[in-house]
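I opened a new page today to record what I looked up, one topic at a time. I want each entry to stay close to what can be read from the atoms.

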Amino acid sequence: MIENNVFASQALKDKLYAKIEAKTDRMIAIRRQLHEHPELSFKEKTTGAFIANFYQGKDVQVQANFGDGYGVVVTIDSGKPGKTLALRADFDGLPVQEETGLPFASQNTGVMHACGHDGHTAYMLILAESLYELKDDWAGKIKIVHQPAEETPPGGALGMIKAGVLDGVDAIIGVHGWAPVPYGTVQCTAGPVMTGRSSFKMTIHGKGGHGSAPHLANDANVAASYFVTIAQTIISRRTDPFDMCTLTFGNFDGKGSFNVIKDAVFLEGDVRFMRDEAREIIETNFKRMVKGLELMFDVKVDLFYDSDYPVLNNDTDLAATIQNSLRHSHSHIQELTNLDTITRNTASEDFAYFAQKIPGVYLFVGEMPDDGIFYPHHSPKFVINEKALPLAAKTVGVAALDFLATH
Ligand SMILES: [Zn+2]
Ligand SMILES: [Zn+2]
């Protein structure tokens, strides 16, 4: 596979780079416009319409309202036989009140593009337009998958898959810009690259009473505290040390009064893992510990344990093809200073559903600001380095051209 890598012509790639460079100001203007008007998952009606409208007047197939939400699927047909490659970009915002102070900050109260999906959409629109303008020079089809609702389970990917978005598609590539990674770095790692996720909600019922008489009550706080610490042993003692797993209690509702023993405590948390086998190990042990807690403390636990996004597995052959493509293009994409082929990411992504069905690769493009000061994704102060957007377009563009040339 790796030996058989065929590359698209340098002349074609140079044309693509020139187009992207000429359109970079527009790309950034689109990103800022989207940034000002973020919409929540499954409610991105205006954004979906904006995306569909972008393709008006172009000789491409546009399918709007695709799937369970406002997805837009655009097929660019070269008219020549070949493979079909999908390129995916998500476009939802988050329930976050923006605090960046940017001149193009969100105008929608309580909603923000705090994960950078505005940038994903902007780079993808310009890349799609550039590839469309060059379609006489490549063979096969390119399907642009503008996916809504990545941030909120069940996510927008599943609905699009059910509606047939992957029918006839040979492979899929996606990108996340990543603020903690320096600008100039592109990460393309084979195998498991992002975690799967489970979550839980539980109410521990004890027996309320007077703070001075614990023997007449049954303290739910004590049982809950014990559980928070002992549950960590699932990760440290039950899962394989080579598996990356986390278990976090994000909510411990301990509000009450100083002299009142609580009747019940509500806990809520998050579980991540890099191997789907670990998902079951954690869930089984978690449920057993809940039973043990009931016995040990004579409490009653209502547990709701759920799983959503699977582990995101980057296809080994496709990852190798893209790595080769980027190595081969290194000297021509000056902004690409570091190709990282080993780093993984502890977050989760519903791109994983696409990669379960067909060979898929999810890349990360560093978008740390030049001053090195970054805020985590989903922070109200989250900002990106906009220079990463044309780099994302070149990276995915060249990978797409080489994929179609190889096949
Ligand atoms: Zn996010
Ligand atoms: Zn995101």
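**Entry 1: the zinc site**

I began with the zinc ion (ligand 2), and I noted that its donors follow the spacing C-x1-H-x58-H along the chain. I remind myself here that this is a predicted model. Looking up the atoms, I found that the protein donors of this zinc ion (ligand 2) are C115 through SG, H117 through NE2 and H176 through NE2, and that they lie 2.1 to 2.3 Å from the ion. I then turned to the zinc ion (ligand 1), which is 3.1 Å apart from the zinc ion (ligand 2), and I wrote down that C115 coordinates both. Because H117 belongs to helix 4 (residues 117–133) and H176 to strand 5 (residues 171–178), the pair ties together parts that are 59 residues apart in sequence. I also checked accessibility: H117 is buried at a relative accessible area of 0%, and H176 is buried at 2%.

**Entry 2: aromatic rings**

How many aromatic pairs does the structure hold? I counted 13 of them in the search result. I looked at F227 and F286, whose ring centres are 5.2 Å apart and whose planes meet at 85 degrees, so I entered the pair as edge-to-face. Since F227 lies in helix 6 (residues 220–238) and F286 in helix 7 (residues 276–297), this pair ties together parts 59 residues apart in sequence. Both F227 and F286 are buried.

I went on to Y309 and Y353, which form an edge-to-face pair with 5.9 Å from centre to centre and 80 degrees between the planes. Y309 sits in the loop between strand 13 (300–307) and strand 14 (312–314), while Y353 is in helix 9 (residues 351–357), so that the pair links distant parts of the chain, 44 residues apart. Y309 and Y353 are both buried. I noted as well that the charged end of R197 sits over the ring of Y309, 4.7 Å from its centre, and that the charged end of K58 sits over the ring of F54, 4.5 Å from its centre. Finally, I recorded one aromatic cluster formed by W178, F351, F354, Y362 and F364.

**Entry 3: salt bridges**

I searched the whole structure and obtained 27 salt bridges. In one of them R26 joins E129, with the closest N and O atoms 2.9 Å apart; R26 is in helix 2 (residues 24–36) and E129 in helix 4, 103 residues apart. Are these two partners buried or exposed? R26 counts as partly exposed at 37% relative accessibility, whereas E129 counts as buried at 5%.

I next looked up E349 and R88, whose side chains meet in a salt bridge of 3.0 Å, N to O. This pair links distant parts of the chain, with E349 in the loop between strand 15 (338–340) and helix 9, and R88 in strand 3 (residues 84–90), 261 residues apart. E349 is buried at 2% relative accessibility, and R88 is buried at 0%.

The side chains of E283 and K287 also meet in a salt bridge, at 2.7 Å from N to O. As E283 and K287 are 4 residues apart in helix 7, I noted that about one helical turn separates them. My last note is that salt bridges sharing partners join K19, K23, R26, K58, E129 and E133 into one network.

Terms used: Residues numbered from 1 in each chain as written. Chains lettered and ligands numbered in written order. Predicted model: local features only at pLDDT ≥ 70, side-chain atom pairs only at ≥ 80, totals over all residues. Heavy atoms only, no water. Phe/Tyr/Trp six-rings, centres within 6.5 Å; stacked < 30°, edge-to-face > 60°. Helix = DSSP H or I, 4+ residues; strand = E, 2+ residues; numbered from the N terminus. Buried < 20%, exposed > 50% of the residue type's maximum accessible area, 1.4 Å probe, protein only. Lys NZ or Arg CZ within 6 Å of the ring centre and 35° of its normal. Donors = N, O, S within 2.8 Å, 3.2 Å for Na, K, Ca; no water. Salt bridge = Lys/Arg side-chain N within 4 Å of Asp/Glu carboxyl O.
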